[in-house]
Amino acid sequence: MKLHEYQAKGVFADAGIPVPDSQLASTVDDAVEAAGEIGYPVAIKAQVQVGGRGKAGGIKLVDDAEEAREAADEILGMDLKGLHVDRVLVEAAVDFTDELYVGVTMDRTEGKPVAMVSTRGGVNIEEVAEEDPDAIVREHVDPAFGMHPYQARKAVFDAGVDRDVALDTASILSQLYDLWAEKDATDIEVNPLMVTSDGEVIAADAVMNIDEDALFRHPDLADME
């Protein structure tokens, strides 16, 4: 089961992973009101489960109420790669200086979960893996013991993440692994994990897919479907 961005970010926030202030809206008026409460600039983001929303016109950065109304009116109701957009996430814009990628999935070849880190965040990570596989550092985890803190730090430093934010990035990677294991996820990732001008890291996007056969253990997640 795929969670929407706003749902995954709710799970992330509950786990202590920093996410931007945001509100869900299903009408243009609600989106404009939410933007005013959050404070400009904001991003208005279509809530559909496809990649490349920005390139397809499903994400717009706005600076005032007039632009927010225009963007929400354009995105709500649009057809985005075959999916109808009926909700948008109105989210505080992040003043960022760098974009990273962190994620956890199952490496079926190795039979182990694998944590991944890259300094090539903000772009399609599948393309990065195909064009420059060395740009993604992989750290396999023994599920019997979980991710050790040193493994998270090693992955982050090996990827070349700036030392000023390396430990915070490693902490988020560890939190993602804990969520992956606890929630019976198949994939979990942040792309991009933005480094702010204040030297903080924040999950500007969120992907979380859950093993449907395990949903009976997670009624709170099952209710999101």
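**Close-up 1. The cover over the buried residues of helix 3.** In this predicted model, the buried residues of helix 3 are covered by elements that include helix 2 (28-38), strand 2 (42-46), strand 3 (59-62) and strand 6 (88-92). Helix 3 itself runs over residues 65-75, and the residues in question are Ala68, Ala71, Ala72 and Ile75, which are buried. Around the axis they take up an arc of only 95 degrees, which means that they lie on the same side of helix 3.

**Close-up 2. The other side of helix 3.** Turning from the buried residues to the other side of helix 3, the reader finds Glu66, Glu70 and Asp73, which are exposed.

**Close-up 3. The protein chain around helix 3.** The secondary structure of the protein chain, to which helix 3 belongs, consists of seven helices and 12 strands. Its radius of gyration is 18 Å, close to the 17 Å that the globule rule gives for 225 residues, so the chain is as compact as a globular protein of that length. Along the principal axes, the C-alpha trace of the protein chain extends over about 50 × 40 × 30 Å. Of the 225 residues in the protein chain, 48% are buried, and among the contacts with a separation of 6 or more, 63% are between residues 24 or more positions apart.

**Close-up 4. Surface and charges of the protein chain.** The protein chain has an accessible surface of about 11,100 Å², and carbon and sulfur atoms contribute 45% of it. The chain carries 18 positive and 48 negative charges, and the mean positions of these two sets are 5 Å apart.

Definitions and conventions: Residues numbered from 1 in each chain as written. Predicted model: local features only at pLDDT ≥ 70, side-chain atom pairs only at ≥ 80, totals over all residues. Heavy atoms only, no water. Helix = DSSP H or I, 4+ residues; strand = E, 2+ residues; numbered from the N terminus. Rg over C-alpha atoms; globule rule 2.2 N^0.38 Å. Buried < 20%, exposed > 50% of the residue type's maximum accessible area, 1.4 Å probe, protein only. Contact = heavy atoms within 4.5 Å. Areas by Shrake-Rupley, 256 points an atom, 1.4 Å probe, with all protein chains shown as cover. Lys, Arg positive; Asp, Glu negative; His and termini not counted. Charge placed at Lys NZ, Arg CZ, Asp CG, Glu CD. Arc of directions from axis to C-beta.
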